[in-house]
Amino acid sequence: MRVRRITTNLPVGDIDAVKSFYTDYLGLSTEEFNLGWVARYTDPETGAHVQLVTGDATAPEDSAISVHVDDLDAAYEEAVRAGYEIVHPLTVEKWGVRRFFVRAPDGTVINVVAHHH
């Protein structure tokens, strides 16, 4: 498994209420997607980005970060083999990703994700 990128998932009460801070003030002006409960905003020149999350729609807990990997099955198998707690099972989500949540030893919940083809 190789990590391709890591995205911070910021908990917010209302995406629309804080959107302009991230898009206008910080310059993350490209809205990559907005599902109502999660939205990603990116700087079109640098690729810097953040996800705003009001609460995960399909998982039992919210994640602190999303780790995008090149081989999701290998990542899942490695987490299970290592004995890490799987918080959300390996799932194909309707918005086009496969993912699972794993709890790090410090208690942080990590969304491990890859685009589903």
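Ser63 touches Asn9, Phe101, Val109, Ile110 and Asn111, leaving aside residues up to four places away in sequence. In this predicted model, Ser63 sits in the loop between β4 (49-53) and β5. Despite being in a loop, Ser63 counts as buried, because its relative accessibility is 12% and the limit for buried is under 20%. The side chain of Ser63 also makes a polar contact, at 2.9 Å, with the side chain of Asn9.

One of the residues that Ser63 touches, Ile110, leads on to the nonpolar interior. Ile110 belongs to the largest nonpolar core, which has ten residues. The other members are Val67, Val69, Leu72, Ala75, Ala79, Phe100, Val102, Val112 and Ala114. Four elements, β5 (65-69), α2, β7 and β8 (109-115), each supply at least two residues of this core. In soluble globular proteins, nonpolar side chains tend to be buried together. Ala114 shows some of the packing: not counting residues up to four places away in sequence, Ala114 touches Val69, Leu72, Val97 and Arg98. Of these, Val69 and Leu72 are themselves members of the core. Apart from this core lies another, of eight residues, among them Val12, Leu28, Ala39 and Tyr41.

Phe100, a member of the largest core, also takes part in an aromatic pair. A pair of aromatic rings is described by the distance of the centres and the angle of the planes. The rings of Tyr76 and Phe100 have centres 5.1 Å apart and planes at 85°, so the pair is edge-to-face, the cut-off for that class being over 60 degrees. This pair links distant parts of the chain, with Tyr76 in helix α2 (residues 72-82) and Phe100 in strand β7 (residues 97-103), 24 residues apart. How do the two partners stand in terms of burial, buried or partly exposed? Phe100 counts as buried, because its relative accessibility is 1%. Tyr76 has a relative accessible area of 24% and is therefore partly exposed.

The count of aromatic pairs comes to four. Another of them joins Phe21 and Tyr22, again edge-to-face, with 5.0 Å from centre to centre and 80° between the planes. Phe21 is partly exposed because its relative accessible area is 41%, whereas Tyr22, at 16%, is buried. Phe21 and Tyr22 form one aromatic cluster together with Tyr25.

The overall fold can now be set around these details. The protein has two helices and eight strands, and along the sequence they follow the pattern β-α-β-β-β-β-α-β-β-β. Among contacts between residues at least 6 apart in sequence, 48% join residues at least 24 apart. Buried residues make up 38% of the 117 residues.

The overall dimensions come last. Along its principal axes the C-alpha trace spans about 45 × 30 × 30 Å. A compact globule with 117 residues would have a radius of gyration near 13 Å, and the 14 Å of the protein therefore agrees with this. The protein exposes about 6700 Å², of which carbon and sulfur atoms supply 50%.

Technical notes
Residues numbered from 1 in each chain as written. Predicted model: local features only at pLDDT ≥ 70, side-chain atom pairs only at ≥ 80, totals over all residues. Heavy atoms only, no water. Phe/Tyr/Trp six-rings, centres within 6.5 Å; stacked < 30°, edge-to-face > 60°. Buried < 20%, exposed > 50% of the residue type's maximum accessible area, 1.4 Å probe, protein only. Core = buried A, V, L, I, M, F, W, Y, C linked by side-chain atoms within 4.5 Å. Contact = heavy atoms within 4.5 Å. Polar contact = N/O pair within 3.5 Å; in protein donor to acceptor, adjacent residues only side chain to side chain. Rg over C-alpha atoms; globule rule 2.2 N^0.38 Å. Areas by Shrake-Rupley, 256 points an atom, 1.4 Å probe, with all protein chains shown as cover.
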